[in-house]
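Here is a friendly walk through a structure you may not have seen before. Have a look at the picture, then read on.

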Amino acid sequence: MSISLSPQDWLDFFVHFASLSLLGIGGAITTAPDMHRYLVDERNWLTDATFSSSIALAQSAPGPNVLFVALMGWQVGINAGGGFSAGPSAWGLGLMGVTLSMLGILLPSSVLTYKATKWAHQNRNLTSVRAFKSGMAPIVIGLLVSTGWLLSVAQNDYAKNWKLWLVTIVATLVVTRTSIHLLWLIAAGGLVGATGIL
Amino acid sequence: MSSVIPELSQPKSKTELFVVFTLLALQGFGGVLAVVQQELVDRRKWMTKAQFVEEWSVAQVMPGPNVANLCLMIGGKYFGLPGAMAALLGLLFAPLMIVLALAILFGGVADSPTAQGALKGMGAVSAGLIIATGLKLSTTLPQNPMGMRTAIFFAVVAFVFVGIFRFPLIWALLGLGVVSCYITYRALKQLQTKFDDKSSSEGPRS
């Protein structure tokens, strides 16, 4: 896929991610549908397949899931440079895509979070600040459990995927009852999965 | 319920923050939160579970990637803006290099059945890790100022709304959040008036 981006296009690209930054309450992944609309449907900078594989790759690699945004930036840059095989000029554009997309998605929300946390720390004895922190606690705990639940149990049909349920349940029990290093569990899950029995 | 206050430790330098968050990020497959909780609370003892929940509440409510928010809040707490940047860079830099290398080497995702199977298995485990993190943190609910029963009630309702009925997360955060923060606010006010009454009646008279 070969495309060309003018400086104005790159600016639009940055502004789009920057505007999504403040909308992504609950994580950047919640804004993925809008990224798809913009990058794939509207501007044709990415193919559908590249878009999906960026998300899948970021989720399977170590690190925070927000890196899927960096991969999209990389792919847009590479496409603009005429493909990876076009050499250093395409790689340079790829890195520019990474920088612009990551700065866009992170900068506005980070500035806001940093300022808000600083303010909250200076006013930590205000009843409203304490009420906010303690009041949100049970809700974010409930949400954590639902996130894990939605990732596994709710997504899979029991009759077909009971083995995956079992893996999730065993992992949950092991983590709550022991202090085993989480990396061992992930590795075990990967090994069991690689044998194809799941 | 009285809990022994554990001896807390803290990072000694911005370099240590950078290194710790790099190591955390490299261990986080399918999300970093479970690793952050285990490493910072259980192993390094930089904060208590209750403090972790408070920080996570803010990180979750603010827009932007949650774990990135959490890192910059923790970094900022110890070393201000440079600390926040060190933690955030630690979280992002090494994993970014890895993910780019993977994208270059494999183009799309590896499509072999073995790789797909491994991803499935890792996904199922990481779902369990997130559930377990939630369950571990739920042991802080009895100390919540809104009272244990109310706190558990809100946690369960949040789970049912989002996990079972699939309401968007933001409605649970905003809708339920307003109610639970209000209840907590009233509870804290009541405690304060009680405390003020006591200190004015028992305090030394001049």
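## What counts as touching

Two residues are in contact here when they have heavy atoms within 4.5 Å. With that in hand, take Gly163(B): leaving out residues up to four places away in sequence, Gly163(B) touches Ser146(A), Trp149(A), Leu150(A) and Ala158(B). Keep in mind that this is a predicted model.

Gly163(B) sits in helix α6 of chain B. Is Gly163(B) buried or exposed? Gly163(B) is buried, with a relative accessibility of just 3%. To get a feel for distances, pick Glu7(B), which is 156 residues away from Gly163(B) along the chain: their C-alpha atoms are 36 Å apart.

## Chain A as a whole

Chain A has eight helices and zero strands. Going along the sequence, the pattern reads α-α-α-α-α-α-α-α.

How does chain A's radius of gyration sit beside that of a compact globule of 198 residues? Such a globule would come out near 16 Å, but chain A has 21 Å. Along its principal axes, the C-alpha trace of chain A spans about 55 × 55 × 30 Å.

## Inside and outside of chain A

Of the 198 residues in chain A, 52% are buried. If you look at contacts with a separation of 6 or more in chain A, 55% of them are between residues 24 or more positions apart.

Chain A exposes about 9,000 Å², and carbon and sulfur atoms supply 66% of that area. As for charge, chain A has 10 positive and 7 negative charges, and the mean positions of the two groups are 23 Å apart.

## Two loop residues to look up

Start with Thr31(A), which you'll find in the loop between α1 (7–21) and α2 (32–42) of chain A. Thr31(A) counts as buried, at 7% relative accessibility. Which residues does Thr31(A) contact, leaving aside neighbours within four places in sequence? They are Leu20(A), Leu23(A) and Gly24(A).

Now hop over to Asn144(B), in the loop between α5 and α6 (148–164) of chain B. Asn144(B) is buried as well, with a relative accessible area of 9%. Setting aside neighbours within four places in sequence, Asn144(B) is in contact with Ser134(A), Ala137(A) and Pro138(A) from chain A, plus Ala151(B) and Thr184(B) from chain B. Asn144(B) and Ala50(B) are 94 residues apart along the chain, and their C-alpha atoms are separated by 9.0 Å.

## Salt bridges in chain A

Side chains of opposite charge can pair when their charged atoms come close. How many salt bridges are there over all chains? The count is seven.

One of them is in chain A, where the side chains of Arg37(A) and Glu42(A) meet at 2.5 Å, N to O. Both partners are partly exposed: Arg37(A) has a relative accessible area of 35%, and Glu42(A) is at 46%.

## Salt bridges in chain B

In chain B, the side chains of Asp42(B) and Lys136(B) form a salt bridge at 3.1 Å, N to O. Asp42(B) is in helix α2 (residues 33–43) and Lys136(B) is in helix α5 (residues 113–137), so this pair ties together parts of chain B that are 94 residues apart in sequence. The two partners get different labels because buried means under 20% relative accessible area: Asp42(B), at 29%, is partly exposed, whereas Lys136(B), at 12%, is buried.

Another salt bridge joins Lys77(B) and Glu55(B), with the closest N and O atoms 4.0 Å apart. This pair links distant parts of the chain, 22 residues apart: Lys77(B) is in helix α4 (residues 66–106) and Glu55(B) is in helix α3 (residues 49–61) of chain B. Lys77(B) is partly exposed, with a relative accessible area of 38%, while Glu55(B) is buried at 13%.

## A shared network

Finally, back to chain A. Which residues are joined into one network by salt bridges that share partners? They are Asp9(A), Asp12(A) and Arg43(A).

Methods: Residues numbered from 1 in each chain as written. Chains lettered and ligands numbered in written order. Predicted model: local features only at pLDDT ≥ 70, side-chain atom pairs only at ≥ 80, totals over all residues. Heavy atoms only, no water. Buried < 20%, exposed > 50% of the residue type's maximum accessible area, 1.4 Å probe, protein only. Helix = DSSP H or I, 4+ residues; strand = E, 2+ residues; numbered from the N terminus. Rg over C-alpha atoms; globule rule 2.2 N^0.38 Å. Areas by Shrake-Rupley, 256 points an atom, 1.4 Å probe, with all protein chains shown as cover. Lys, Arg positive; Asp, Glu negative; His and termini not counted. Charge placed at Lys NZ, Arg CZ, Asp CG, Glu CD.
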